[in-house]
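Trainee: Hi! Could we go through this one together over coffee?
Mentor: Happy to, let's bring it up.

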Amino acid sequence: MAEEEKIPLLTPYRMGKFHLSHRIVLAPLTRSRSYENVPQPHAILYYSQRTTKGGFLIAEATGISDTATGYSSIPGIWTKEQVDAWKPIVKAVHDKGGIFFCQIWHTGRASTYDYQPNGQAPISSTDKPIPPQKQDDDTTVEYSPPRRLAAEEIPLIVNDFRLAARNAIEAGFDGVEIHGSHGFLIEQFMKDSVNDRTDEYGGSIENRCRFALEIVEAIVNEIGAKQVGIRLSPFADYMECWDSNPEQLGLYMVQSLNKYGILYCHMVEPRMSLVDGRMQIPHCLLPMRKAFNGTFIAAGGYDRDEGNKMVAEGYTDLVAYGRLFLANPDLPRRFELNSPLNNYNRFTFYTPDPVVGYIDYPFLDD
């Protein structure tokens, strides 16, 4: 395809020192196939299938410590075994010319005693539990009541994030994405529906965002600002975690992030809503995009046409694709040719099978 004919999503982009050949990003996708919290060899094929030369991939949410896990078979990066297990996966992406960041997270109160060391309570900003959550398959997830972190414990968690970032670089990743979205630990501090603290980590927006920004600062000091991104979802309401003023929260965070000069901000649109008889993306991220000095990545239900439109209009630099990329390992190629897409199977998103619903989605050439 000649350069002048390329669709906006397939135009090159310079993200710091990284030369991207296109603007289609593999979103971080929990796949629940890292048995005993150790990445497995089948992930080598999964990620390399979705790698193109100059393509940008973000690894699935990866635990920073033995208290970070809230779901089964989630990868970690706090032990030498885990770091060593990531190395061949990262190498496979690099061998195909991809750029690969590791998303690091802590689930906070979105956990149970079963996943915690010695069956202890999950940690959070609060001791308020998450009510039982109904799932797409009509099952219900129950969470254990959390334990409110004391102020003097918080630097220990910040340090866990710092060490995880260092381990990610040791494993060969090009950088890390801090998971600051979707109702997990960092959001449990940021959002006022959950954070009921009265110390320096609660109350004002500055106090509620303090934990997130301390993590950013620690990681920037450890690995350098140009290897750091963050994912935020100010408009989301996952696991009873929402904010009364999401616009203010999003703007405060991106303006604060500018002080650290991080590489990118990856932000999630509000859930789609029904407008004029069809589901539409609300497109609420523009003020944050304008305020942020680095690369901006938008996510949240985009298809080919919507992604092209948003890049062409300057609404975002890059677009992260989750379910479409999960089911279409050659998504950039399909977008280039405007080919039909494989349908994803929601019921195999989180199953432990190392093949089915994981590495068996067909390519166009198949």
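**Backbone, cysteines, a helix and a histidine**

Mentor: Let's start with E240, which is partly exposed at 38% relative accessibility. Keep in mind that this is a predicted model.

Trainee: Okay, where does E240 lie?

Mentor: E240 sits in the loop between β12 (228-232) and α7 (246-258).

Trainee: And what about the phi of E240?

Mentor: Phi is near 60° there, a positive value, and E240 is a residue other than glycine. As background, most residues other than glycine have a negative phi.

Trainee: Which loop holds N37?

Mentor: N37 belongs to the loop between β3 (24-26) and α1 (42-49). N37 is not a glycine, yet has a positive phi of about 70°.

Trainee: Since you mention α1, how many of its eight residues are buried?

Mentor: Six of the eight, so α1 is mostly covered, taking buried as under 20% relative accessible area. The buried ones are H42, A43, Y46, Y47, S48 and Q49.

Trainee: What covers those buried residues of α1?

Mentor: The cover includes β3, β4 (56-58), α2 (80-95) and β6 (99-105).

Trainee: Switching topic: how many disulfides does the structure hold?

Mentor: Zero.

Trainee: Why does C102 have no bond to its closest cysteine?

Mentor: Because the closest cysteine sulfur, in C265, is 18 Å from the sulfur of C102, too far for a bond. A disulfide would need the two sulfur atoms within 2.5 Å.

Trainee: And how far is the sulfur of C265 from its closest cysteine sulfur?

Mentor: For C265 the closest cysteine sulfur is in C209, 12 Å away, and that is also too far for a bond.

Trainee: Is C102 buried or exposed?

Mentor: C102 is buried, with a relative accessible area of 0%. C265 counts as buried too, at 0% relative accessibility.

Trainee: Last one, H182. Where does it lie?

Mentor: H182 is in the loop between β11 (175-180) and α4 (185-190).

Trainee: Buried or exposed, that H182?

Mentor: H182 is buried, because its relative accessible area is 14% and the cut-off for buried is under 20%.

Trainee: So which residues is H182 in contact with, leaving aside neighbours within four places in sequence?

Mentor: With that exclusion, H182 is in contact with E187, R231, S233, A236, Y238, M239 and V268. One of these, R231, falls within β12 (228-232), the strand at the start of the loop that holds E240.

Trainee: Nice, that brings us back to where we began. Thanks!

Conventions
Residues numbered from 1 in each chain as written. Predicted model: local features only at pLDDT ≥ 70, side-chain atom pairs only at ≥ 80, totals over all residues. Heavy atoms only, no water. Helix = DSSP H or I, 4+ residues; strand = E, 2+ residues; numbered from the N terminus. Buried < 20%, exposed > 50% of the residue type's maximum accessible area, 1.4 Å probe, protein only. Contact = heavy atoms within 4.5 Å.
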